Amino acid sequence: MSEVEAARLAQLGAVLLPSTDGARAVLDLPTGMLLVGERHHHTHGQIEEVERFAATLIAACWEARRHRLRLPSHSPPA
């Protein structure tokens with residue numbers, strides 16, 4: 001993000017949060033809304049809502065991996 005963009009966010013009362021390359025996390029201080037995006041995945045809400053959603057995603061990933069390990073290996077369709 002450029003200094004101009006960061007200054008514009010600050011004028012609007014928002015803070016760019018540290019995030020990995022390709023991801024963007026912004027906290028809108030006046031509303032308490034957290035906006036997180038990476039490529040075509042986006043979510044927003046109050047911090048607690050986003051946190052619950054993140055926990056749900058992580059739990060779903062763990063369960064999917066657990067179930068995938070029980071499946072016999074197979075070749076992708078030709």
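Colleague: What is the volume of the largest pocket?

Modeller: The largest pocket has a volume of about 290 Å³, and of the 13 residues that line it, V36, E38, H41, T43 and L57 are the closest to its centre. This is a predicted model, in which local features need pLDDT of at least 70 and side-chain atom pairs count only at pLDDT 80 or more, whereas totals for chains, interfaces and linings use all residues. Residues are numbered from 1 along each chain as its sequence is written, and side-chain values use heavy atoms, with hydrogens and water left out.

Colleague: Why is this called a pocket and not a cavity?

Modeller: On a 1 Å grid over the protein atoms alone, a cavity is a set of points where a 1.4 Å probe fits but cannot get out, while a pocket is an open set with protein on both sides within 12 Å along at least five of seven lines, and a lining residue has an atom within 4 Å of a point. The volume is the space filled by probe spheres set on the points, which are joined across faces, edges and corners.

Colleague: Which elements each supply at least two residues of the lining, and what is its make-up?

Modeller: β3 (33–38), β4 (41–46) and α2 (47–70) each do so, with α2 giving the largest share, four residues. These elements are DSSP runs numbered from the N terminus, helices being H or I over at least four residues and strands E over at least two. The lining divides into six nonpolar, five polar and two charged residues, where Ala, Val, Leu, Ile, Met, Phe, Trp, Tyr, Cys and Pro count as nonpolar, Asp, Glu, Lys and Arg as charged, and the others, Gly among them, as polar.

Colleague: How do you know that β2 and β3 pair?

Modeller: Two strands pair if DSSP finds at least two bridges between them; β2 (residues 23–28) and β3 have six, in the antiparallel sense, and therefore qualify. Among the bridge partners, V26 faces L35 in β3 and A25 faces V36. Their hairpin has four residues between the strands, and G32 there takes a positive phi near 80°.

Colleague: What joins the other strands?

Modeller: Six bridges join β3 to β4, which run antiparallel, with M33 partnered by Q46 in β4. β1 and β2 also pair antiparallel, over four bridges, one of the partnerships being that of L16 with V26 in β2.

Colleague: What makes β1 and β4 edge strands?

Modeller: The four strands form an open sheet in the order β1-β2-β3-β4, with antiparallel pairing, and β1 (14–17) and β4 each pair on one side only. The twist averages 15° from one strand to the next. α2 lies across β2, β3 and β4, running at about 135° to β4; contact means heavy atoms within 4.5 Å, and the angle, on a scale from 0 to 180 degrees, is between the N-to-C directions of axes fitted to C-alpha atoms, for helices over the stretch in contact.

Colleague: Why is the link between E63 and R66 called a salt bridge?

Modeller: The rule asks for a side-chain nitrogen of Lys or Arg within 4 Å of a carboxyl oxygen of Asp or Glu; the closest N and O atoms of E63 and R66 are 2.6 Å apart, so the pair meets the rule. By this rule the count comes to one salt bridge. Both residues lie in helix α2, three residues apart, about one turn of the helix.
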